[in-house]
Amino acid sequence: MTKPAAPRHTAGGGVVDPYRMPSGSLDDLLDGEPAFRTGQVRQWLARGVTDPAAMTDLPLALRDRLADRFPRTPITLRHVTADDGLTHKVLLGLGDGEAIESVLLCYPADGRRQRGRATVCISTQAGCAMGCPFCATGQAGLRRQLRTDEVVAQVRAVTGLLRDDDLRPAGVPDHVTNVVFMGMGEPLANLEVTVATVRWLTDRHGFDLSARGVTVSTIGLVPGIRRLMALAVPITLAISLHAPNDELRDQLVPINQRHPLAELLAACDAYAEATARRMTFEYVLIDGVNASAEHARELVALLRPRRAHVNLIPMNPTPAVPWAAPPVATQRRFADICEDGGLTATIRHNRGTDIDAACGQLYANYQVASGRRLPAAERVLPLAARGVAERDP
Ligand code: SAH
Ligand code: SF4
């Protein structure tokens, strides 16, 4: 069965990707309307609204005219919660049989944290072509690219949950504060859509996110990293490293054969310098594969010259490979070596609720870059505080 292709972002005919239209094309689409209509439409788009029927300040005739040109809002197929309502997973149907998951993680204000946070983990592709063997998404291959409106729609969908007083947990803001590109797909393999999404999410007329609140996780597509750098929007970049040498990384991360470690780290250094942001490296711990003390020492040697933070992610089992996370003692030894070597390191534990199992790797990424405890995590170990914690009765 052939799948319908994603609509093109064209002003010629058919459905457009309104977030990627040069403003001239939007003007063309609004031909015959007063010039201020373009601004009105842009303001709706900035808030994540693409359905002309909901653009209530446009005349009805124009809303009708745009109805066939703008993409329909994805339909929420499923909404599940966990962790006493602190975690929500939304399954959005895209209209061509595809469905994508987005996860909302709430971090209420508490004694330590004066302001609560609402983080959404979003997908940029249905599936992924990068083929990392430990990853459920990679095992399934690429189904199709998402359009910008489909990526923005994920943020809008969880914004709807946060606006609902009955759903929003106490101490959590009524809007999204952080977005992490850590769901399905490789964001930098859908580069123009990722870049456009970042631009719109940081638009002050809409979601108004600070660049610091946006994290893009990449497997290491160097041209994309350099492109993000050129954007001069200092978002946080998280690099999925997973191995401290090329020989092993070639196997765990096939794209390493095209962009080996030296090239990747040079791009990371340039990014860190240009944005004055500290780099985060993610490292999935796989027992018997990349989690030995020797691997940890190699990682330290590689990252010590950098102000690097390492997120250690015990592997979530996936069907296609017989790999698993190492025992907790091995994870801690790995983290200890990183800390002793001058890196900061965090271990994330990812099991715990029904929805985690269902969303596979998404859950592995909830904690991302915030350095904060996951609502559903069994344990997040800020290693700097470990010695103190262990002495507590
Ligand atoms: N493609 C991007 C973003 C999506 S994956 C990337 O790879 O960075 C987000 C994170 O989940 C990555 O660090 C990825 O390596 C990790 N991940 C994938 N499969 C996993 C698994 N089975 N267990 C734990 N983490 C996993
Ligand atoms: Fe794609 Fe990231 Fe999974 Fe690799 S880890 S297959 S890049 S989603």
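## Helix α2 and its surroundings

G48, which comes just after α2, takes a positive phi of about 90°; helices here are DSSP runs of H or I with at least four residues, strands are DSSP runs of E with at least two, and both are numbered from the N terminus. This is a predicted model, in which local features need pLDDT of at least 70 and side-chain atom pairs count only at pLDDT 80 or more, while totals for chains, interfaces and linings use all residues, and side-chain values use heavy atoms, with hydrogens and water left out. Residues are numbered from 1 along each chain as its sequence is written, and chains are lettered from A and ligands numbered from 1 in the order in which they are written.

Within α2 (residues 36-46), the buried residues are R37, T38, Q40, V41, W44, L45 and A46, where buried means under 20% relative accessible area, exposed means over 50%, and partly exposed lies in between, with a 1.4 Å probe and protein chains only. The cover over these buried residues of α2 includes α1 (23-29), α3 (60-67) and α6, with contact taken as heavy atoms within 4.5 Å.

## The chain as a whole

The protein chain holds 14 helices and 13 strands, and 56% of its 393 residues count as buried. Of the contacts in the protein chain between residues at least 6 apart in sequence, 65% join residues at least 24 apart.

## Helix α5 and L161

Helix α5 has 16 residues and reaches 23 Å from its first C-alpha to its last, close to the 22 Å expected at 1.5 Å a residue; the expected span is 1.5 Å times one less than the number of residues in the helix. Because 12 of its 16 residues are buried, α5 is largely enclosed by the rest of the structure. Those buried in α5 include T148, D149, E150 and V151 towards the start of the list, and also V158, T159, L161 and L162.

L161, placed in helix α5 (residues 148-163), is buried, with a relative accessible area of 13%. Leaving aside neighbours within four places in sequence, L161 is in contact with H79, H88, V90, L104, L167 and R168. One of these partners, L104, is 57 residues away from L161 along the chain, and the C-alpha atoms of the two are separated by 8.9 Å.

## Helix α9 and strand β10

The 15 residues of helix α9 (residues 261-275) should span 21 Å at 1.5 Å a residue, and the C-alpha atoms at its ends are 21 Å apart, which agrees. Buried in α9 are L261, L264, L265, A267, C268, Y271 and T275. These residues cover an arc of only 155° around the axis, which puts them on the same side of α9; the arc is that of the directions from the helix axis to the C-beta atoms. An α-helix has 3.6 residues a turn, so residues three or four places apart point the same way. On the other side of α9, A262, E273 and A274 are exposed. The buried residues of α9 are covered by elements that include α7 (222-231), β9 (236-240), α8 (246-252), β10 (279-285) and α10 (293-303), and just after the helix, A276 takes a positive phi of about 55°.

T280 lies in strand β10 and counts as buried, at 8% relative accessibility. Not counting residues up to four places away in sequence, T280 touches L237, A238, I239, H309 and N311. T280 and C268 are 12 residues apart along the chain, and their C-alpha atoms are separated by 9.8 Å.

## Cysteines and ligand 2

A search of the whole structure finds zero disulfides, a disulfide being a pair of cysteine sulfur atoms within 2.5 Å. C268 is buried, at 0% relative accessibility, and C128 is also buried, with a relative accessible area of 9%.

C128 appears again beside ligand 2, where C128, M130, C132, C135 and G138 come nearest among the 10 residues around the ligand; a residue is near a molecule if one of its heavy atoms lies within 4 Å of it. By class, the shell around ligand 2 has five nonpolar, four polar and one charged residues, with Ala, Val, Leu, Ile, Met, Phe, Trp, Tyr, Cys and Pro counted as nonpolar, Asp, Glu, Lys and Arg as charged, and the others, Gly among them, as polar.

## Two aspartates with positive phi

D84 is a residue other than glycine with a positive phi, near 55°, and its place is in the loop between β1 (75-82) and β2 (87-93). D84 is exposed, with a relative accessible area of 81%.

D208 likewise is not a glycine, although its phi is positive at about 55°. Its place is in the loop between α6 (191-201) and β8 (214-218), and D208 is partly exposed, with a relative accessible area of 47%.
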